[in-house]
Amino acid sequence: MELNGRHIETWNNCLRFISQVVEPRQFEVWFQKITPISLQDSTLTVEVPSQFFCEYLESAFLDVIKAALKKEIGAGARLVYSIRPVRNQGAMVYPQGPGDPPTNKTISISTWQPSGNPGPFVFPGITKIQVNPRLNPTYNFGNLVVGDCNRLAVNAAENISANPGKTPFNPLFIFGGPGLGKTHVAQAAGLAIKKQFPELVVLYVTGNEFKTQYMDAVYVRNKLTDFLAYYMKIDVLIVDDIQDLAGQGSQHAFFNVFNHLHQNGKQLILTSDRPPVELQTFEDRLLSRFKWGLSVELGVPTYETRLKMLKERAFREGVSVPDDVLEYLATRIKSNFRELEGALISVIAGATMSHSEITLEQAAHITESIVGEEDSSAITIDKVQGIVCDYFGISRDMLLSSTRKRQIVQARQISMFLCRKLIDNISLATIGHETGGKDHATVLHACNTVSNLCSTDRVFKKDVAGIEAILVKASR
């Protein structure tokens, strides 16, 4: 560490610049915990609390950090992270068995009518109740395969598990397409919290269940106050598929529950099939609260992550599956973990019932029945990108690069726009992942930009229509 303290002065100047750009709460949480260590030439080394902390800085604040460093050090500035040493970590145990379902302590509900029903799971007249956490022991961290697609979400969930309600990640909002592991990550956090803090009351519920319970409490039992009192007793509330919480009344009820729990330091974990910005039927006041904590996206797993998941699942099943079969499944099924896991279980079950060995031919036959034959005429991301590149006379590498040249940017945006328009059931995350690792916000911006240009620029609209016509013709 330098004796003259130039590294401290440089970092303090960077902080002054960053504080003018970043919201005060975000600045307090993410930048005041960073300690400058040294400044060698153009390289500033800083110490951060954890690897997750480092990853989140890079994903959320990279542009502003780069600008601050460039202003203070120059164009060649580099930032190096040093992770603070972590002591007394528990040993990792693998594989983890399902174990027994967790239980909550008995809680008391003060009802407004003595003979009333204290909550949606309670019989009339009972004031002390046992809340079933409704957590699946299989959905634990030990059974969760971690890769680039979910590392940030898993790290955030683990941080929450160690200190529920007292981290900046409240609420933790996890979003992504179907089968990417949102429920697994959310329930793993709940299970870990119950293990470390057995006195806390944890509840897992889906958005649709919350809505149904609300309607029953209001329109059937006339016990809305008891319904709210029940939920306000929860210490850790996990709401899966929050996008299903439609209806002004149920959203108003959840707004009150959210406010009460958050203000009292209780933890909220929410999952959705889309980011908060795309929850168009939700009230603005709810959407703003969803953004209070950390919103993190689950992406499409890479080949390496898919193969790792298959190997670990086969190991847990106690079945030896040939490597060529696992590699075939990982190559053939790309969209999500759920389909991948289903294909593996089907392959294992087929071999077991027929008393035969698992072969590549058997895997191909079963996979075909699950995901169908590969349709050479189907529109895919590869085909869209290929035709866009041919149309504009550019290479695939240029399209997927980070260059900001106008022609390349427009070609890239058109390819993302047409992928979303022409490919069924494809998520923004998938398009972004296959377009040079862009995030969902970039894809959404590209689609909106293309749509706006089509309405104002006739030449641009003609180009988009021409490419779309080529793709549609090729798919016939």
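Helices and strands are named here as DSSP runs, with at least four residues for a helix and at least two for a strand, and they are numbered from the N terminus. The structure in these views is a predicted model.

**View 1. A cis peptide bond precedes Pro171.** The bond that leads from Asn170 to Pro171 is cis, and its omega lies near 5°. Pro171 itself sits in the loop that runs between helix H5 (151-162) and strand E6 (172-175). As background to this view and to the two that follow, most peptide bonds are trans, and most residues other than glycine have a negative phi.

**View 2. Asp41 has a positive phi in the loop between two strands, E1 and E2.** Although Asp41 is not a glycine, its phi is about 55°. The loop in question connects strand E1 (35-40) with strand E2 (43-48). Asp41 counts as exposed because its relative accessibility is 70%, where the cut-off for exposed is over 50%.

**View 3. Asp241 has a positive phi in the loop between strand E8 and helix H9.** Phi of Asp241, a residue other than glycine, is near 55°, and the loop that holds Asp241 lies between strand E8 (236-240) and helix H9 (248-263). With a relative accessibility of 26%, Asp241 counts as partly exposed.

**View 4. Four acidic residues form a negative surface patch.** The patch is made up of Asp323, Asp324, Glu327 and Glu361, and helix H12 (residues 323-332) gives the most to it, with three residues. Glu327, found in helix H12, is partly exposed, with a relative accessible area of 36%; Glu327 can therefore belong to a patch, for which over 30% is needed along with the absence of a salt bridge.

Methods:
Residues are numbered from 1 along each chain as its sequence is written. This is a predicted model: local features need pLDDT of at least 70, side-chain atom pairs count only at pLDDT 80 or more; totals for chains, interfaces and linings use all residues. Side-chain values use heavy atoms; hydrogens and water are left out. Patches are made of residues with over 30% relative accessible area and no salt bridge: like charges are joined within 9 Å, nonpolar side chains (Val, Leu, Ile, Met, Phe, Trp, Tyr) within 5 Å. Accessible areas come from the Shrake-Rupley method with a 1.4 Å probe; for residues, only the protein chains shown count as cover. A salt bridge is a side-chain nitrogen of Lys or Arg within 4 Å of a carboxyl oxygen of Asp or Glu. The place of a charge is taken as NZ of Lys, CZ of Arg, CG of Asp or CD of Glu. Buried means under 20% relative accessible area, exposed over 50%, partly exposed in between (1.4 Å probe, protein chains only).
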